[in-house]
Amino acid sequence: MLPVAVVQAQQGVIQGRVYNVKNNEPVEFATVAIFGTTIGSISDLDGNFLFTGLEPGYIELRVSSVGFDTYVSEAIQVTNAKKVFIEVPLAEANVQLEEVVVKASPFRKIKESPVSLQRISIEEIEKSPGGNRDISKVIQSFPGVASTPAQRNDVIVRGGGPSENTFYLDGIEIPNINHFATQGASGGPVGIINADFLREVNLYTGAFPANKGNALSSVIDLNQVDGNQEKLNFRGAVGASDLALTLNGPIGKNTTYILSYRRSYLQFLFQLLELPFLPKYNDYQFKVKTRLNEKSEISLISIGSYDNNNLNLAANETEEQQFILGYIPESFQWSYAIGAVYKHYREKGYGTWVLSRNYLHNEALKYQDNIMQDNFKTLDYNSDEIENKFRYENTSSYNNGLRVNYGVNLEYAKFYASTFNKVYLAGEPVTLNNESFFDMFSWGVFGQASRDFLSDRLVLSLGLRADANNFNDQMSNLVNQLSPRLSASYQLTTGWYLNFNTGRFYQLPPYTTMGYKNEEGVMVNKSDLTYIRSDHVVAGLEWLPNSESKISLEGFYKKYSNYPFSLVDSISLASKGADFGLYGNEPVASVAEGRAFGAEFLYRNRDLFGTNLTISYTLVRSETLTSKESLKPLGWIPTTWDNIHLLNIYGFRKFKGNWQVGFKWRFVGGQPYTPYDYTTSSLVQYWDVTNFPALDYNQFNQLRYDSFHQLDLRVDKEWFLSRITLNLYVDVQNVYNYKTTGSTYLVQELDAEGTPIIENPSDPVELQRYRMKELESAVGTVLPTVGIIIEF
């Protein structure tokens with residue numbers, strides 16, 4: 001029989017199990033307490049415990065046992081509608097501490113990454129003002145992460161581009177986390193991840209563990225909940241842009257599942273607002289977990305999306321609408337990732353086998369003046385990216401405090417692209433009409449050892465990985481991509497820590513770059529392309545004044561080498577990737593250099609006079625070198641991500657009657673931009689194939705937009721009925737309707753009949769020019785949302 005802690009006449013229930021993280025054996029007689037209270041229980045001989053009669057809301061568990069490090073769990077949502085199941089891992093303590101006192105804290109960190117790691121709870125994801133339960137938006141409140149006025153979900157971390165990130169879902173690497181994803185990068189307008197699945201998110205902005213490769217700026221590790229072990233539960237949510245339905249429950253005695261489907265209604269809202277494009281998306285997500293026996297478990301995980309973006313040709317009254325309709329293609333995209341994770345425990349460790357497959361299909365179609373006839377076609381793109389991956393990891397812990405993780409990874413990838421694209425190159429219109437295909441084997445090895453020293457005052461972690469593939473000779477040698485890393489954390493005194501990490505990290509160029517073919521059908525990037533390299537140094541000071549607060553200061557420096565350099569625009573691809581469509585499909589040379597450096601301040605207090613408050617400030621510079629002769633005297637040039645100042649103030653407070661009010665205020669420094677090349681843009685031959693202004697790369701990123709700031713508010717009201725939980729919320733983005741300067745529009749002037757005016761119609765066609773004019777643009781509007789979440 002389970003030891004039961006009965007609190008009061010409520011119906012919230014938590015059932016859990018405490019186990020040794022090294023070998024999955026139960027930890028008996030562990031003390032389990034509701035963090036911040038005196039409410040507690042004791043685990044039985046099988047490590048099980050039970051709380052009943054809990055007041056609904058978010059709580060954390062503090063778990064301790066003789067011979068183990070004290071553990072504070074992630075936030076857990078307790079409701080009357082369902083019983084919560086949780087498994088609590090305890091790590092064996094190295095020694096009995098005498099000189100140093102280590103306090104249990106919810107701001108826990110791992111030995112491999114003592115710096116540049118933020119743990120984001122489900123409460124922060126669910127209730128973030130302006131976040132709409134979208135993890136890509138939620139992380140923009142944390143140090144080093146930038147946002148844009150365009151409200152895209154590009155992950156821009158410490159001055160790195162949106163293509164420099166890697167995502168893991170319960171240990172499975174997934175290619176992107178956004179709908180309408182930019183192929184070759186990571187951005188998009190709306191996230192795919194359903195917050196109903198999330199237990200906790202770990203955001204690494206540096207100090208990446210050796211088992212997580214192919215990242216230069218961040219690793220986002222998404223951890224999911226398990227399904228209900230006893231009965232079927234339902235959760236439905238209507239939010240800013242979609243309807244979500246989630247089911248979870250048991251399948252037999254040892255298996256649980258959780259399944260969701262979401263469908264957008266954005267296309268109806270956009271049509272009512274007379275916007276010139278109509279996006280529609282669908283996604284699914286599921287997880288099935290089976291405990292095979294006391295030592296083995298297996299999970300099947302999948303996520304996928306199905307997206308359409310059609311033009312609203314009826315919305316063409318204003319010049320801005322006509323401009324957007326002129327260059328945006330119709331697009332169709334679907335993707336999925338599916339994988340199995342098998343874990344087997346031994347006496348002193350466990351092995352993890354991960355087998356997965358992901359697929360991205362991308363189509364785009366555009367006609368000049370939207371006249372849907374073959375002779376007016378300017379773009380017809382069809383592409384597939386397929387990856388099949390295997391990874392094995394072994395994790396072992398020893399009595400002397402040594403923890404070792406090592407493994408191998410193998411991958412088989414295929415890329416296909418059918419391209420018909422009218423472009424303007426070297427002063428004349430050119431038609432790319434070809435098919436590109438390549439397949440590739442990749443392999444890698446990694447290992448990391450971590451240990452406590454000086455009675456746990458000092459923690460050191462040393463890691464090494466190496467990756468290679470058979471795409472070309474440059475990338476086929478593991479030695480060329482050796483990636484060492486070293487982390488250290490020293491406890492100065494109780495609550496004070498000095499932390500450090502340095503490492504070298506590599507990332508594969510985008511498949512769109514690797515598979516690019518020129519107008520002659522030659523894969524011009526194949527022979528000389530290399531992995532992109534980034535060397536990191538991070539140092540920080542951390543203070544934990546008490547169990548509810550944290551103050552940290554970190555400085556970072558990143559040096560980039562071998563970045564793909566555009567042979568068309570003569571700039572590094574590091575400044576591209578924050579737009580819809582494609583990224584990297586152009587001729588390049590792996591010669592560009594870059595750097596990003598700065599400092600981050602973070603203050604988190606979960607109970608500042610009853611308010612949960614987070615303040616983060618980042619000073620960041622992001623720069624690149626160029627080989628373009630006209631720009632060489634300028635030296636280091638700002639990249640597109642050189643915002644300089646990032647400030648976020650975020651908080652929420654709970655009131656009686658299950659009310660909660662949250663706010664988020666952010667300030668983002670002005671983004672560099674490149675002015676238009678009016679001479680090229682006005683050429684008839686140029687405009688007819690692009691319908692978009694050319695940039696003057698002789699003035700690359702020499703201008704800046706104004707800074708922008710925004711206040712978001714959210715009010716939640718929850719009802720915890722006997723079998724149903726209801727959450728009604730109002731979220732208002734940009735409350736005071738701040739508008740900032742945006743990209744201007746360069747458009748053709750029309751005559752009285754609506755025909756573009758050619759200034760010199762008697763000249764040869766290659767010299768003819770349209771009469772152009774510039775339209776001012778402002779970004780920013782009040783965006784209110786009413787949402788409802790029901791669970792039973």
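Which residues are buried in helix 4 (residues 319-327)?

## Helix 4 and what surrounds it

This is a predicted model. In helix 4, which spans residues 319-327, the buried residues are Q321, F323, I324, L325 and G326. These buried residues pack against three strands in the 277-367 range of numbering, namely strand 23 (277-293), strand 24 (296-311) and strand 26 (349-367). They also pack against helix 7 (684-690) and strand 45.

F323 has a further role in the picture, as a member of an aromatic cluster with Y327, F692 and Y745.

## Strand 45 and its partner

Y745 belongs to strand 45, which covers residues 745-748. In a regular strand the side chains alternate between the two faces of the sheet. Strand 45 shows this pattern: Y745 and V747 point one way, while L746 and Q748 point the other way. All of these residues are buried.

Strand 45 is joined to strand 46 (residues 772-775) by four bridges, and the two run antiparallel. Within this pairing, Q748 stands opposite M772 of strand 46.

## A four-stranded open sheet

Four strands, in the order 4-3-7-8, make up an open sheet with antiparallel pairing. Strand 4 (40-42) and strand 8 (71-72) are at the edges, and each has a single partner strand, so one side of each has no neighbour in the sheet.

Inside this order, strand 3 (residues 31-34) pairs with strand 7 (residues 61-64) over four bridges in the antiparallel sense. V32 is placed opposite V63 of strand 7. The loop between strand 2 (12-20) and strand 3 holds N23. N23 is buried, at a relative accessible area of 5%. Apart from neighbours within four places in sequence, N23 is in contact with K295, Y345, R346, E347 and G349.

## Nonpolar cores

The largest nonpolar core contains 36 residues. Those with the most contacts inside this core are F438, M440, L508, Y511, M514 and Y563. Several elements give two or more residues to the core: strand 27 (377-397), strand 28 (403-425), strand 29 (428-453), strand 32 (496-507), helix 5 (511-514), strand 34 (549-566) and strand 35 (588-608).

For L508, the contacts beyond four places in sequence are N214, M440, N469, M475, M514 and Y531. A second core, separate from this one, has 30 residues, among them V155, L169, I174 and L198.

## The surroundings of R262

R262 is located in strand 22 (residues 255-264). With a relative accessible area of 7%, R262 counts as buried, because the cut-off for buried is under 20%. Its C-alpha is 10.0 Å from that of S241, and the two residues are 21 places apart in sequence.

Not counting residues up to four places away in sequence, R262 touches H179, G191, I192, I193, N194, D242, L243, A244, Y281, N282 and D283. Two of these neighbours take part in closer described contacts. The side chain of R262 reaches the backbone oxygen of I192 at 2.9 Å. The R262 side chain also makes a polar contact with the side chain of D283, again at 2.9 Å.

## Aromatic pairs and charges over rings

The whole structure has 29 aromatic pairs. A pair of aromatic rings is described by the distance of the centres and the angle of the planes. For F234 and F792 the centres are 4.9 Å apart and the planes are at 35 degrees, so this pair is tilted. F234 lies in strand 20 (residues 233-238) and F792 in the segment after strand 48 (783-791), so the pair ties together parts that are 558 residues apart in sequence. Both rings belong to partly exposed residues: F234 has 21% relative accessibility, and F792 has a relative accessible area of 42%.

W334 and Y336 form a stacked pair, because their ring planes are at 5 degrees, with the centres 6.3 Å apart. W334 is partly exposed at 25%, and Y336 is partly exposed at 23%. Charged side chains are also found over aromatic rings. K212 lies over the face of Y168, at 5.5 Å from the ring centre. R714 lies over the face of Y729, at 3.9 Å from the ring centre.

Notes:
Residues are numbered from 1 along each chain as its sequence is written. This is a predicted model: local features need pLDDT of at least 70, side-chain atom pairs count only at pLDDT 80 or more; totals for chains, interfaces and linings use all residues. Side-chain values use heavy atoms; hydrogens and water are left out. Buried means under 20% relative accessible area, exposed over 50%, partly exposed in between (1.4 Å probe, protein chains only). Two strands pair if DSSP finds at least two bridges between them. Contact means heavy atoms within 4.5 Å. A polar contact is a pair of N or O atoms within 3.5 Å; within protein, one must be able to donate a hydrogen and the other to accept it, and residues adjacent in sequence count only if both atoms are side-chain atoms. A nonpolar core is a set of buried Ala, Val, Leu, Ile, Met, Phe, Trp, Tyr and Cys residues joined through side-chain atoms within 4.5 Å. Rings of Phe, Tyr and Trp (its six-membered ring) pair if their centres lie within 6.5 Å; planes under 30 degrees apart count as stacked, over 60 as edge-to-face and the rest as tilted. A charge sits over a ring if NZ of Lys or CZ of Arg is within 6 Å of the ring centre and within 35 degrees of the ring normal.
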